Every structure is written in structure tokens, then in C-alpha cells.
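Biologist: Could you take me through the sheet in this protein, strand by strand, and then through whatever packs against that sheet? I would like one connected account rather than a list.

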Amino acid sequence: EVILHPNGAHLHVTTNNYTSTSGVIWPCASLMLQYLGNLPVHFWPSKQVLELGAGTGLLGIYVATQGASVTITDRPEVVPLLQKNIDLTAAKSCVAEALAWENAC
């Protein structure tokens with residue numbers, strides 16, 4: 001799947017329906033991507049971002065391509081999809097980590 005973000009570059013993200021929610025790009029993610037794409041380009045390079053429940057990683061990977069240092073997290077079984085999407089986009093400042101919510105407290 002290819003998503004166009006507002007400043008015209010292509011962002012490649014693979015979806016996967018092996019889980020009920022994690023492998024889907026939800027409509028709200030597309031709206032948030034439009035919002036993030038409208039922020040000034042100089043906004044991201046000094047930012048450190050933690051995305052919880054990243055799913056496909058779309059938003060975290062996007063801000064990494066804009067210069068932010070990003071950690072995207074989701075359940076352990078979702079990390080391979082996150083890593084695949086990081087690799088597809090070559091988002092070098094983005095890492096995927098497992099975060100099991102049941103153990104987060």
C-alpha cells in the first residue's frame with residue numbers, strides 16, 4: 001500500500017490482517033498524517049517521539065522521515081510488521097520495540 005503525505009513524497013506501508021486491529025491503516029491515521037504533514041519542516045529534527053500502539057507504524061515512520069528520532073511500539077507479534085515498514089521506507093531514525101500492555105503497569 002502506498003500513502004501520499006501532504007508534502008508530496010511517497011510513504012510505503014504494508015498492511016496485514018493477521019490481527020484484528022494492528023495491521024490496518026485506520027481513517028483517523030490518514031487524517032493525522034495530513035495534520036502532521038502541514039507542520040513546518042523544521043519542527044521535526046530536534047524531536048524525540050514515542051508512539052504507543054503503532055499498528056502499521058504509519059505515523060511514527062512518517063515523522064522519522066521528517067527528521068525526528070522515533071520509537072514505535074506495539075505488541076510483540078506486531079513488531080515484524082513494524083520493522084518491515086521501517087525497512088520499506090528506510091526510516092533510519094526509527095526503531096520498533098515490543099510493548100505488552102498487560103505488563104506495562
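Modeller: What follows starts from the chain as a whole and then turns to the sheet and its helices. Please keep in mind that this is a predicted model. The protein chain has 3 helices and 5 strands, and along the sequence these come in the pattern β-β-α-β-α-β-α-β. The sheet you ask about is an open one of 3 strands, in the order β3-β4-β5, and its pairing is parallel. At its edges stand β3 (48–51) and β5 (94–98), each of which has a single partner strand, so one side of each is left without a neighbour in the sheet. On average, neighbouring strands of this sheet are turned by 20° against each other, direction ignored.

Looking more closely at one pairing, β3 and strand β4 (residues 69–74) run parallel and are joined by 4 bridges, and within β4 it is I72 that E51 stands opposite. Helix α2 (residues 58–65) packs on the sheet and touches β3, β4 and β5, with a direction that makes about 170° with that of β4. Helix α3 (residues 79–89), for its part, lies across β4 and β5 and runs at about 175° to β5.

As for the wider setting, residues 24 or more positions apart account for 55% of the contacts in the protein chain with a separation of 6 or more, and 40% of the chain's 105 residues count as buried. C94 is buried, because its relative accessible area of 6% is under the 20% cut-off.

Definitions and conventions. Residues are numbered from 1 along each chain as its sequence is written. This is a predicted model: local features need pLDDT of at least 70, side-chain atom pairs count only at pLDDT 80 or more; totals for chains, interfaces and linings use all residues. Side-chain values use heavy atoms; hydrogens and water are left out. Buried means under 20% relative accessible area, exposed over 50%, partly exposed in between (1.4 Å probe, protein chains only). Helices (H or I, at least four residues) and strands (E, at least two) are DSSP runs, numbered from the N terminus. Contact means heavy atoms within 4.5 Å. Two strands pair if DSSP finds at least two bridges between them. Axes are lines fitted to C-alpha atoms, for helices over the stretch in contact, and angles run from 0 to 180 degrees between N-to-C directions.
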